[in-house]
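Open the model in a viewer and keep the sequence panel visible. The stops below say what to select and what is found there.

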Amino acid sequence: MEENFRDSIGTITEEGKRNWIFPKKPSGRYYDYRKYVSYILLIFLIAAPFVKINGHQFLLFNVLDRRFNIFGLPFWPQDFHLIVVSLIIGVVFIALFTVAYGRIFCGWMCPQTIFLEMVFRRIEYWIDGDRGAQMRLAKAPWTGKKIRKRVLKWIIFFIISFFIANVFLAYLIGSDQLLSYITDGPMAHLGTMVPLLIFTGVFYFIFAWFREQVCIIACPYGRLQGVLLDNKSIVVAYDHERGEGENGRKKFRKNEDREALGHGDCIDCFQCVNVCPTGIDIRNGTQLECVNCTACIDECDHIMESINKPKGLIRYASEDEITNKNKFKFTARLKGYTAVLVVLTGVLIGMLFMRNEVEANVLRLPGQLYERKANNIISNVYTYKIVNKTTNDIENVSFELMSHKGEIKMVSQESFTVPAEELTEGTLFIEINASALNGDKDKLKIGVYSGDKLIETTVTQFLAPRSYN
């Protein structure tokens, strides 16, 4: 083992230049499983913005208009606390999953890995060939054949990048809006078309050139491994006890008694290195660059079968299992993460059940005091906002004082309609006789009614002169 093998990464040369990775096309049972998972997730990713539930887009993250749909349920800025709790749950879940199973999310579920390995690289294998053919093509002069291959690949990559950018745009502005933009034509919406092309360029840059550097350099999740993993975490691991033996690795020779010579089962074929999409040698142990894609497991199992050795030299295992033969256990650390996750999930479920379909706020107009009127009446001016989170219009909406005797006067009509999934705001006056007040700052409880039905209550402050205490 070289002393400086951790001083650099496989994608950068000693001169600091990009070392292009040409991974061998993987094959095997784990790769087949990953393909099934990836295609299901790709279908979900592409379909989610176009699926409607009760008229709501299944997933929508319209940051500009502050409109969010999650699993068909509409959320508003007033529900931001629910989003925060959901994000915390996601972080705890990822921490729990990483402690138990390492970076398996990166290899099996991350959109970056799925698009790169299951879309772009498969196209590259189809056009350029496998590892050896790609390396020869890269070194070859720019002949007509190379130019045709490169141009064809770049055009297909750009088209797919443009498609991905449109799918993500559907998540941001809504699929209906996107389809209307497409119908109107790009010249009618240049303000949207220009950012779309910029994001297309970003996706093209990532998948055509930057590639595995995203996982190695840019992604913060990879850095968490050093904090979260321990010797009990299940990762893609090389069984060094079995592979090295007493006298280390040795190239395979037919009819040789490796066990008698003290050599391990690893025949130093480097196929696990050649198939790795990040260019690491898994035999050096758990590394930051490893995304747990299992390509090395499939390749090693194939080699072991070909030399009549048992499979599993590289497998899902913990360091503790390899060294001490200890099976996976649900440790106190995992129990702690699980307890926190269960509590937070319970809190989120409770908050979802308590979430109001109508939310009202009545606030005093900034910079305005009270007004004295005839017959000992004190008047305050307010602004109101009512959010209708349902898919139906709320009609005949009005306000009534519930805590004090007084009168609410609307600036416009006495009752109004709040359209479905809309925000209605306006101005109103509250007038109360000074004798009904308890001090210079009274807390008022206001009921919001739809006809005779109470649909929401809210609280606000009422100012009065100190002399009326």
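## Loops with positive phi

Start by selecting Arg211, which sits in the loop that links helix H8 (190-210) to helix H9 (213-218). The model is predicted. Arg211 is not a glycine, yet its phi is positive, about 50°. Is Arg211 buried or exposed? Its relative accessibility is 1%, so Arg211 counts as buried.

Go next to Asn308, in the loop between helix H14 (295-306) and strand E7 (314-317). Asn308 is another residue other than glycine with a positive phi, here near 60°. Asn308 has a relative accessibility of 72% and therefore counts as exposed, whereas Arg211 counts as buried.

## Helices H1, H2 and H4

Select helix H1 (residues 29-47) and pick out Lys35 within this helix. With a relative accessibility of 17%, Lys35 falls under the 20% cut-off, so this lysine counts as buried. Show what surrounds Lys35: apart from neighbours within four places in sequence, its contacts are Met118 and Arg122.

Now move to Thr113, which belongs to helix H4. Thr113 is buried, and its relative accessible area is 6%. Leaving out neighbours within four places in sequence, Thr113 contacts Arg34, Cys106, Gly107, Met118 and Cys215. Met118 is thus a contact of Thr113 and also a contact of Lys35.

Select helix H2 (residues 80-101) and put a distance label between its end C-alpha atoms. How far apart are the end C-alpha atoms of H2? They are 31 Å apart, which agrees with the 32 Å that 22 residues should span at 1.5 Å a residue. Colour the buried residues of H2: Leu82, Ile83, Val85, Ile89, Val92, Ala95, Leu96, Thr98, Val99 and Ala100. After H2 comes Gly102, with a positive phi near 65°.

## Where H4 meets H5

Select helix H4 (residues 111-128) together with helix H5 (residues 131-139): their axes are 9 Å apart and the packing angle is about 70°. An angle from 65 to 115 degrees counts as roughly perpendicular, so H4 and H5 are roughly perpendicular to each other. Show side chains for the contact, which involves Glu124, Tyr125 and Asp128 from H4, and Ala133, Gln134 and Leu137 from H5. Sorted by class, this contact of H4 with H5 has three nonpolar residues, two charged and one polar.

## The sheet E3-E4-E5

The next selection is an open sheet of three strands in the order E3-E4-E5, with antiparallel pairing. Strand E3 (59-62) and strand E5 (73-75) are at the edges; each has a single partner strand, so one side of each lacks a neighbour in the sheet. Ignoring direction, neighbouring strands of this sheet are turned by 25° against each other on average.

Zoom in on strand E4 (residues 67-70), which is joined to E5 by three bridges and runs antiparallel to E5. Here Asn69 is opposite Pro74 of E5.

## The sheet E13-E11-E15-E16

Select the four strands of the open sheet that runs in the order E13-E11-E15-E16, again with antiparallel pairing. Which strands stand at the edges? Strand E13 (416-418) and E16 do, each with a single partner strand, so each has one side without a neighbour in the sheet. Neighbouring strands are turned by 40° against each other on average, with direction ignored.

At the E13 edge, two bridges connect strand E11 (residues 394-401) with E13 in antiparallel fashion. Val397 has Phe416 of E13 as its bridge partner.

At the E16 edge, strand E15 (residues 441-450) and strand E16 (residues 453-463) form an antiparallel pair with ten bridges. One pair to label is Tyr449 with its bridge partner Leu454 in E16. E15 and E16 make a hairpin with two residues between them, and Gly451 in that turn has a positive phi of about 70°.

## Strand E14 and its partners

End with strand E14 (residues 423-433), which is joined to strand E10 (residues 377-388) by eleven bridges and runs antiparallel to E10. Label Ser379 and, opposite, Glu431 in E14. Then add strand E12 (residues 406-410), which runs antiparallel to E14 with five bridges between the two strands. Lys409 has Phe429 as its bridge partner in E14.

Conventions. Residues are numbered from 1 along each chain as its sequence is written. This is a predicted model: local features need pLDDT of at least 70, side-chain atom pairs count only at pLDDT 80 or more; totals for chains, interfaces and linings use all residues. Side-chain values use heavy atoms; hydrogens and water are left out. Axes are lines fitted to C-alpha atoms, for helices over the stretch in contact, and angles run from 0 to 180 degrees between N-to-C directions. Angles under 35 degrees count as roughly parallel, over 145 as roughly antiparallel, 65 to 115 as roughly perpendicular and the rest as oblique. Contact means heavy atoms within 4.5 Å. Ala, Val, Leu, Ile, Met, Phe, Trp, Tyr, Cys and Pro count as nonpolar, Asp, Glu, Lys and Arg as charged, and the others, Gly among them, as polar. The expected span of a helix is 1.5 Å times one less than its number of residues. Buried means under 20% relative accessible area, exposed over 50%, partly exposed in between (1.4 Å probe, protein chains only). Two strands pair if DSSP finds at least two bridges between them.
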